[in-house]
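Visitor: I have a model open and would like to learn how to read it. Could you take me through it step by step?

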Number of protein chains: 2
Amino acid sequence: MSEQTIKVAIVEDDREILQSLVAIIDGSPGFVCRQYYSSCEAALDALCSAPPNLVLMDIGLPGMSGIEGVRRLKERQPTLDCVMLTIQDDDDSVFQSICAGATGYLMKNTPPSQLLQAIEDVYKGGSSISAAIARKVIGSFQQTAPSPLSTREAEILGLLCDGDNYRMIAEKLFVSGNTVRAHIKNIYKKLHVNSRAQAVRVALRDRLV
Amino acid sequence: MSEQTIKVAIVEDDREILQSLVAIIDGSPGFVCRQYYSSCEAALDALCSAPPNLVLMDIGLPGMSGIEGVRRLKERQPTLDCVMLTIQDDDDSVFQSICAGATGYLMKNTPPSQLLQAIEDVYKGGSSISAAIARKVIGSFQQTAPSPLSTREAEILGLLCDGDNYRMIAEKLFVSGNTVRAHIKNIYKKLHVNSRAQAVRVALRDRLV
DNA sequence: CGATCAATTACCCATTTGGGGTATTTCGGT
DNA sequence: ACCGAAATACCCCAAATGGGTAATTGATCG
């Protein structure tokens, strides 16, 4: 079962790179590349009517970018895995790709053995991202600045995010509504906001809850 | 420079696993393990006064869990990299660990060669997470359900998240405040909420903006 | 061609919110 | 012993919000 051939499609505008990729894939047992395109426009319909197991997508394509390509592709084929192939690894490209639906993100200079390993990982339900990119993704989960809020304030902010109003919060914390108001005023001052909506946004963004 | 010895500390309560880990690390050129502990309580002070390059931390420890251990450790030594070592890979443990500050997350059955590779990756500023775990982390960035909102509603929800009130939204969109109110009522219905705070929370959670 | 829905406008009214104050108690640090 | 931060509690009042109802226009879909 693990020896099933993995059908890979490639979208890449550089003819040389495309050919060398096809050669690597097609020349390796267990992998086959029968679909390759030089633009998203050319690839989209074909990939939707005859979906491969996995798509290697260049980011820097002329016309529609690989990121937009993935977005369109995933709209029509949500189960199709896409791995970005790129020269730049700037944060923006990484996160945009991931949000667009990419399952992996590889540098173009990845050695063939790792490339094949990555394809196999994705095929098996994993995700192929390099150590450096994984760190960036993980870093986005971790809060850097320490919370400026007191314990009580953080508690109240949490209830604020749940949509509770003064009265509900007061009841849950066994204090008066006036006290809740006083705390919320302090929270707003500390977060430099002046409405619930903004407070919730900051709270979620900075993981204060 | 790449041949510098990496000092690894281990926190693991199972004596056998601990010994085999120490043997692997210490027996490999370029790696050394001089600090090993069977509980977070025992490790914390020692690791802060004589920080290694990297800590391998078991999650299922008696007493303080490895996740809490990482949290405390990172409070005092924010630059110290921690890699979780665990038998379970349930979503909760993964995300809790990452949010607590872990840089990597490995299964205990990871073969020695990959373990050493992972340690080296982290030491070089990367992040060692297995393909399966990377997929979970990446998946958390990707919206699954299509947005139930119309273009206009999504637009207004975005401004709502910015903290704009009716009047400000109305001015930005060149419509009346009453229209904005009507849209917001529809948004609330579709998102099953009844306040701005809840709407913002859902919008950010489901990436509707 | 009728049905439906998105977008738009409008109004009423009770409740909630936010900004401005003031004050007491408790607790940890200097 | 004193100070400041945190937590508690209260006042007034203008503005914003949320729920209800209703009507018009345009586009899209059977």
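Guide: Gladly! Let's begin with polar contacts: a polar contact is a pair of N or O atoms within 3.5 Å. Keep in mind that this is a predicted model.

Visitor: How far is a base nitrogen of DNA strand D from an N or O atom in the side chain of Arg181(B)?

Guide: The distance is 2.5 Å. Phosphate oxygens of strand D take part too: one is 2.9 Å from a side-chain N or O atom of Arg152(A), and one is 2.8 Å from a polar backbone atom of Arg196(B).

Visitor: Which elements give two or more residues to the surface near DNA strand D?

Guide: Chain A offers helix H9 (177-191), while chain B offers helix H8 (166-173) and helix H9 (177-191). The largest share, six residues, comes from H9(A).

Visitor: How many residues surround the strand, and of which classes?

Guide: There are 19 residues around DNA strand D, with Ser150(A), Ser176(A), Arg167(B), Arg181(B) and Lys185(B) the closest. By class, four are nonpolar, eight polar and seven charged. On the DNA side, 63% of the strand D atoms within 4 Å of the protein belong to sugar or phosphate, and the rest to bases.

Visitor: And away from the DNA, which residues touch the most other members of the largest nonpolar core?

Guide: That core has 64 residues, and the ones you want are Val55, Met57 and Leu73 of chain A and Val55, Met57 and Leu73 of chain B. A second, separate core of 42 residues includes Leu157(A), Ile169(A), Ile184(B) and Val200(B).

Terms used:
Residues numbered from 1 in each chain as written. Chains lettered and ligands numbered in written order. Predicted model: local features only at pLDDT ≥ 70, side-chain atom pairs only at ≥ 80, totals over all residues. Heavy atoms only, no water. Near = heavy atom within 4 Å. Polar contact = N/O pair within 3.5 Å; in protein donor to acceptor, adjacent residues only side chain to side chain. Helix = DSSP H or I, 4+ residues; strand = E, 2+ residues; numbered from the N terminus. Nonpolar A, V, L, I, M, F, W, Y, C, P; charged D, E, K, R; others polar. Core = buried A, V, L, I, M, F, W, Y, C linked by side-chain atoms within 4.5 Å. Buried < 20%, exposed > 50% of the residue type's maximum accessible area, 1.4 Å probe, protein only.
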